[in-house]
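Work through the exercises below with the model open. Try each task before reading its solution.

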Amino acid sequence: PALCVRAGALALVPMLERALPRIRFLLRHPFTRDSAVLQIANVIGKIVGLAAGILYANLLGPEAFGFYSLAIALAGFLNIFQEFGLSHALVNLLAKAEARADREELAAVLGYFLKTTVAISATAGLAGILAAPALGAWWYGDPLVGYYAALGVLTFALTFFVPLVTTLQQVRRELIPLVFLETGSKVLGAGLIVALVIAGGGVLGIIGGQLLIMLGSSVAAAVLYRQWVLANRAPSLSSLWVTRLPWPKISYYFRFGLLIAMSKNILKINQTVPLLILGAALPTTSGIGFFKVAFTFVGLPLVLADPIARLLNDQFPKTEVAGYDKLFKRYFQVTALTMLMELVVLLPALLLAPVLLPVLFPAYQPALPLIFALSPYPILVATGVGLAGMFRTLSRLRVNVAIQLITLVTLLPTAYWMISRFAIRGLVITTLLFTLLPNALGIAYFVWIKRRLLPPPAATLPAAS
C-alpha cells in the first residue's frame with residue numbers, strides 16, 4: 001500500500017506542474033477576485049442567515065415554523081405577478097451602457113426602471129396585498145396565513161433603491177460598498193428579527209422585521225444613490241421621471257425584461273407550488289417545518305455557487321466579445337468547477353449532519369432522513385450555474401422560457417400526484433427531479449448550439465514527403 005501511495009503521489013507531480021500556470025492565471029483573473037469577494041460576503045450572509053434560522057426554528061417550534069414557511073411560500077407566489085424581469089434585465093442593459101460610457105442610454109434604462117417599478121407596485125403589488133387574506137382562507141382555511149403573506153407582498157413592493165444601487169455597484173465592480181450594503185443589512189436585520197421573536201413577536205416578528213429591514217436598506221441605498229447624483233455619476237430621480245422614451249426603446253426593454261421574467265416566474269412557480277400543495281395535503285404544518293430545515297441545511301454549499309451565477313450575468317457578455325469558442329469554453333469550465341466545489345463542501349456537511357442536527361435543531365430530528373434524501377440538490381443546482389447568463393448573452397431567452405414551460409407542464413400533475421400519494425417523500429422526489437430537468441435540457445441545448453455556432457476543427461493534412 002505504501003508503494004502504491006508513493007507511486008500515485010509521483011504520478012501527480014507532473015500533472016500539478018502542468019496545472020500550476022493555469023491555476024496562477026485563474027487566481028490573477030479579475031473575475032476570480034470578484035467571485036472571491038462576493039463568496040466571502042455570501043459566506044458571512046449564509047452564516048448569519050443560518051444562525052438566525054436556527055433561532056427562528058427553535059423559538060417558534062415545528063408547527064409555527066411550518067406556518068411561517070406557508071406564509072412565505074404564498075407571498076412568493078403572489079410576488080410573481082410583480083416580477084417583470086426588471087432587476088435581471090437591468091444588469092445586462094446597464095452593463096452595456098456603462099461599457100460604452102453612454103450616459104443617454106444609462107438615463108433611458110434607469111428611467112424605464114423607475115416608472116415601471118412604480119406602476120407595477122401600484123397595481124400588481126396592491127392587488128396581491130388585497131388578495132392574500134382571501135387566498136389564505138380559501139386554500140388553507142386560515143386567513144391569518146394570508147395576512148402574513150400580504151406583509152411579504154408589501155415588502156417586495158417597496159423594493160426599488162436596493163436593486164437599483166446594488167446593480168450599479170455590480171456593473172461598476174464597486175463590490176466592497178455592495179458587500180457592506182447587502183451583508184450589513186443581513187447582519188443588522190437578523191439581529192432585529194431575533195430580538196422581535198425573543199420578545200414574543202412570533203411569526204409576525206419575523207415577517208414584520210423583514211419589512212422594517214427593507215425600509216432601512218432602501219433608505220441607505222437612497223443615500224448612496226444621492227451621493228452618485230451629487231458626484232455626477234448618475235441622473236437624478238426627477239430627471240428620470242420626466243425622461244421621454246421613444247416607443248422602440250420601451251418595446252425593446254419590455255420584451256427583454258418580459259422574457260427574463262417569464263423564465264424566472266415559471267421557475268418560482270415550480271419551486272413554490274409543490275410546497276403549497278404539501279401545505280394543503282398535510283393535517284399539520286410541522287412536516288413543512290421539518291422539510292424547510294432539511295432544505296436549508298443541504299442548501300448551505302450553494303454559498304459558493306450563488307456569487308458565481310450572479311457575476312456570470314455580466315461577465316459572459318464581455319467574454320462573448322472574444323468569440324464563441326472562448327465563451328463556450330468558459331461556460332463548461334465554470335459549470336464543471338462549480339459542481340466540483342459543491343461536492344467538496346457537501347460531503348463533510350453530510351457527514352456532520354447527524355451530529356449538528358441534534359445540537360442546532362433539537363426539536364427537528366425527523367429532518368435527518370430528509371437531509372440525506374435531498375443531498376443531491378446542490379449538485380443539481382450547480383449544473384445550471386451559467387445557464388441564465390448564457391441564455392441572455394446569446395439572446396436565446398425564448399428557448400429558456402420553453403424549457404421552463406416544459407418543466408412546469410410536467411411538474412404540476414406529477415407534483416400533485418406524488419405529494420398527494422407520498423406527502424413529504426413525494427415533495428423530496430419532485431424537488432430533485434424538477435431541479436434536474438430544466439438544467440439537463442439547458443445543457444443539452446448548449447451542447448447542440450455550440451456545434452452549430454462553431455465550425456468543426458479543420459482536418460490535418462499529412463505532411464508532404
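The exercises cover burial, contacts, aromatic pairs and a surface patch.

The model is predicted: local features need pLDDT of at least 70, side-chain atom pairs count only at pLDDT 80 or more, and totals for chains, interfaces and linings use all residues. Residues are numbered from 1 along each chain as its sequence is written, and side-chain values use heavy atoms, with hydrogens and water left out.

**Exercise 1. Describe the span and the cover of helix H10.**

Step 1. Helices are DSSP runs (H or I, at least four residues), numbered from the N terminus. H10 covers residues 286-298, which is 13 residues.
Step 2. The expected span is 1.5 Å times one less than the number of residues. For H10 that is 18 Å, and the helix reaches 19 Å from its first C-alpha to its last, close to expectation.
Step 3. Buried means under 20% relative accessible area, exposed over 50%, partly exposed in between (1.4 Å probe, protein chains only). In H10, ten of the 13 residues are buried. Among them are Phe290, Phe291 and Phe297.

**Exercise 2. Find the contacts of Leu59 and Asn79, leaving aside residues up to four places away in sequence.**

Step 1. Place Leu59 in helix H2 (residues 30-79). Asn79 is in H2 too.
Step 2. Assign burial. Leu59 is partly exposed because its relative accessibility is 45%. Asn79, at 9%, is buried.
Step 3. Apply the contact cut-off (heavy atoms within 4.5 Å). Leu59 touches Val197 and Ile198. Asn79 touches Gly152, Val153 and Phe156.
Step 4. Check the sequence separation. Leu59 and Val197 are 138 residues apart, yet their C-alpha atoms are 7.4 Å apart.

**Exercise 3. Classify the ring pair of Phe65 and Tyr364.**

Step 1. Rings of Phe, Tyr and Trp (its six-membered ring) pair if their centres lie within 6.5 Å; planes under 30 degrees apart are stacked, over 60 edge-to-face, the rest tilted. The structure holds 15 such pairs.
Step 2. For Phe65 and Tyr364, the centres are 6.2 Å apart and the planes at 85 degrees, so the pair is edge-to-face.
Step 3. Phe65 lies in H2 and Tyr364 in the loop between H12 and helix H13 (367-373), so the pair ties together parts 299 residues apart in sequence.
Step 4. Phe65 is buried at 6% relative accessibility. Tyr364 is buried at 0%.

**Exercise 4. Where is Val345, and is it buried or partly exposed?**

Step 1. Val345 sits in helix H12 (residues 324-360).
Step 2. Its relative accessible area is 32%, so Val345 is partly exposed.

Conventions
Helices (H or I, at least four residues) and strands (E, at least two) are DSSP runs, numbered from the N terminus.
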